[in-house]
Structure formats: structure tokens, C-alpha cells
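Biologist: Could you please take me through the enclosed and open spaces in this protein?

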Amino acid sequence: MIRAALLALLALPAQAQPQFIDRSAGLPGPHIYSGGWEHFVGGGVAAFDCDGDALPDLFAAGGDTPARLMRNTAAPGDALGFADISDRLPGPLTGVTGAYPLDIDGDSALDLVVLRVGANVLLRGLGGCRFAVSDWGFDGLDRWTAAFSAMWPAGATRPTLAFGNYVNRDDPDGPFGACDVNHLYRPDAYGAPIALAPGHCALSMLFSDWRRDGHIDLRVSNDRHYYVRGGAEQMWRMTDPPRLLGPADGWDRVSIWGMGIASQDLNGDGLPDVMLTSMGDQLLQFAGATRGFTDAPYALGTTAHRPHVGDDGRPSTGWHAAFGDVDNDGRTDIFIAKGNVDQMPGMAMQDPNSLLMQAADGSFAEAAEDAGIATMDRSRGAALVDFNRDGRLDLVVMNRRAGMELWENTSPPAAWLAVDISQPGPNRRAVGAWVELRRASGRVEAREVTVGGGHASGTAVPVHFGLGGANGADVRVIWPDGAATDWRRLAAGAIHAIAR
């Protein structure tokens, strides 16, 4: 089935060469993710529109450096630029590892879930990119948090929040074998959380209806470096109490040095496939209708296991992963942020980020050097987002102990469209919905609206599709409760709002 779906891509247009221009000078001065061993991990960025001008703004983690809020100053189609508006945050926020945008209270103003070494914080969006510490009774605890995801139970007025905690800093026998438990906050009150135990040093998590059977489960990617033995990737079912899935549920055991999760339907079967970053091989898995996931074959070209530039032949370290059609040719590509944890001698020190471009036969080839984005700093979080509304996915990359990077996508123009969905009620951004696009060939591609994944980095932006040479496509939305819109023809070159 996977092979047949991938071969169907042969009918799509030829691949264009991706091109990026460094626009880091458009950032408001250098911003560095700094700190000691507690900030070896994390280093995320959130991309979301906080002032209603339809241009994504940025919240950047800083570790020991205060986090920063940056307003997008580009007019549509202009070169990228941002202004510092950190004074609109409720005081300096240090210890921040990452952040995720989410409309928690359903007032249409995006809020921010801020992950920290220390107490996590929920910032309530006030509009105009202004934020205040929420009054929702949230107990942020005092952990080392580097992972987050959220889902919206039917009938709830607020989302369920899941926080992934790394090493237990208070364990005197640590750090090895001292993984902390994770925490689940049920709506509607956010007081005492539910412990998800055992924890295996989570670095990414994602709620997803991975079988599209109505069960929204929590996938957790864990770092084998610290759990050492006995741990594995996890999938939690949101029963009362939550339970871990196992082989009887179609969930097979996988143990990796898990860093990040990205999810998207790659092969047109409507199920969310996943890219898992790791130390060494990056692991692409295809979702199955009856079993869990099947590892992609090595020949597909997605392992990105060693540096593709330079003479450092040691294994790579992957962090944030993001799917997106970088050249708008109708085929999904993959960006992977890479970099040594700090000075790990067994891993590459010169470890450039990867941009894996999908070819017509479904295989992937490295293009980061030719695209101009193969920098050598220790990258962590990132966002692959259209910052200036020209239909091309731009890139922001967070680095540990080096300046934040901003890249404008100047690839040759090709057709695209984006879909911005909303619905009445508390879950205004329709978290849990699916956007499906049907191409002229009849192939249908599905995008799930999720909150979480990546590495400490989240986005809340329209759903983007590259169209290649097509002048439009048929689109429908399947809302979180299963109701679906009719297929409608949408023109290329625009962001289309679909309100329920």
C-alpha cells in the first residue's frame, strides 16, 4: 500500500530547487538560547498571530536569557523583519525551554503555554500581543519540562493539557535512570494534575487520532540517553485513568534517543505518518490501519544520520522536525534541526540542519546546502511558516549558545493555497479537525489540526498546501465531532477562511 501510494506521486510536477536568503539581520538584535546542562535540551520558538494582522509573530525561548516576544513587521510579500515587543509580556521570563500557542479560553485571542525549568506558565492572550499570567488555577509545578501537547475532549470548555518532563533534578541518584513522570491536566479546572507514570525522559509529545477511529491518544518520544534501559516510546489512551497501549492495541515497542515528533499524511492514505528525530538515525514511520507504524526503508532517504557537509563523519543529533511543501511542487518535504547536545564526543560537532526534498518517486534527497540553510550552530527548535504571506514557507531556527536564525524562502514561485478554519464554541480553532485536499489526480491528502510535537516549538497558522502547476484544488473540512463540509473548489494563491 505504501509503495503504491508513493508511486502515485510520479504524476506530479518536477521538483524545483529550494532557495533561502538569510534575513537574520531583520530580527531585533541577537537572541541566544543560553544556560547550563538544564538547557542542553529545549530552545523552542512559537509562531502565531498575536495582533490580528494575519502575519505570524514569534515568542522565543531563552533559557537563562529572558524569553522574547517579536512582532512581525513585514507587509505581505516584503522581506522578513521583526520588532521586539517583550515589554508586552508580564515581566521577564527566564528558564523558558519552549512554548506553544493555543486558545485555551475560547476568546479568539491566542494564549501561550510556556515550558520552563521551574514552574510552567499559562499566559492569557489579551489581544494586541499583550499577555497576562492566567487566573485559571493552573499549578505549573517545579519540573524540567521540554514537551507539550493539547487536545479538546468533546463538550469540554477547555482543552486537556499534557506536559512532558525530562530528568528529575531532585533525584540524588541521577541523572541516568532518573527520568521524571509526565503530567496531564484535565479540564475544566487546572489544579492537581494526573501523573503519567512511568516517564522515560520525554522530549516531545503529540495528541493525535493516529488511526482516525475517534481515539485521540498521546504519543510521547523519550530520550534513551537518560532512561538507559527499560524505557521506550509511549502511547497513552485517554481513559480514566489513562492507560499505556501495547502490542495488543497495535502499538509496537520502539526505543530511540527521541528528541522530536512531526506528523503528516505523506502517502495519501489519510493516516498521520510521523518523523521522529534522534541521536543517529532519524526515524520516519508510516501509520497503518491495523497495526501501529511501519519504519520507512533506508532507501527512502529520510534517516539524515550523518552530516551532509564537511568531514565530520560521526552520527548526527536531530531535534525539531517539520513537514512542509518548501517548493510548492505538491510534495511534502522535511526540515530537521540538528546539533550536538553540547560536547558529546561520539556525535558530530559540525552537524548542519537538513532539508529533505521529496522527489516524484517518493524518495527524499538532502538539499540544505544548496538551499543555503546548512549552518553549523547547535540548532534546537524551529518553525517552518509563511511569514510574509507570499505562499512560500520561511524558516526560523533557534540555536543553543548562538544567534537565532531567520530565513526567507525565495524559491521559484509555484501554486499554493492555505486554509484557516474556525468554529463556534470553546474550541474555536477546531483542534482535532482534519483538512483534506483532493488533487486533479484524485489523490486526497489529509492534515490534522494538532497542538504539540516538534521540539519545544509550536505553531498556530493556516494549513498550507503546495499545488505545483494546478490553479486550485478541492478542499473539505472534517470537524472534531466528525461532521464534514462539502468539497469546495478553492483557488490557488490565497489563504481561504472556512468558518463552521
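Modeller: The exchange below deals with cavities and then with a pocket. This is a predicted model, in which local features need pLDDT of at least 70, side-chain atom pairs count only at pLDDT 80 or more, and totals for chains, interfaces and linings use all residues. Residues are numbered from 1 along each chain as its sequence is written, and side-chain values use heavy atoms, with hydrogens and water left out.

Biologist: How many cavities of 30 Å³ or more are there?

Modeller: There are three. On a 1 Å grid over the protein atoms alone, a cavity is a set of points where a 1.4 Å probe fits but cannot get out; lining residues have an atom within 4 Å of a point.

Biologist: What is the volume of the second largest cavity?

Modeller: About 50 Å³, a volume being the space filled by probe spheres set on the points, which are joined across faces, edges and corners. Of its 13 lining residues, Met151, Phe207, Ile216, Val431 and Gly432 are the closest to the centre.

Biologist: And which residues line the largest one?

Modeller: Among them are Leu206, Trp210, Asp217, Arg219 and Phe293. The largest cavity holds about 70 Å³ of space.

Biologist: Turning to pockets, how much volume has the second largest?

Modeller: About 560 Å³. A pocket is an open set of points with protein on both sides within 12 Å along at least five of seven lines. Of the 29 residues lining this pocket, the closest to its centre are Trp152, Ala154, Ile216, Pro480 and Asp481.
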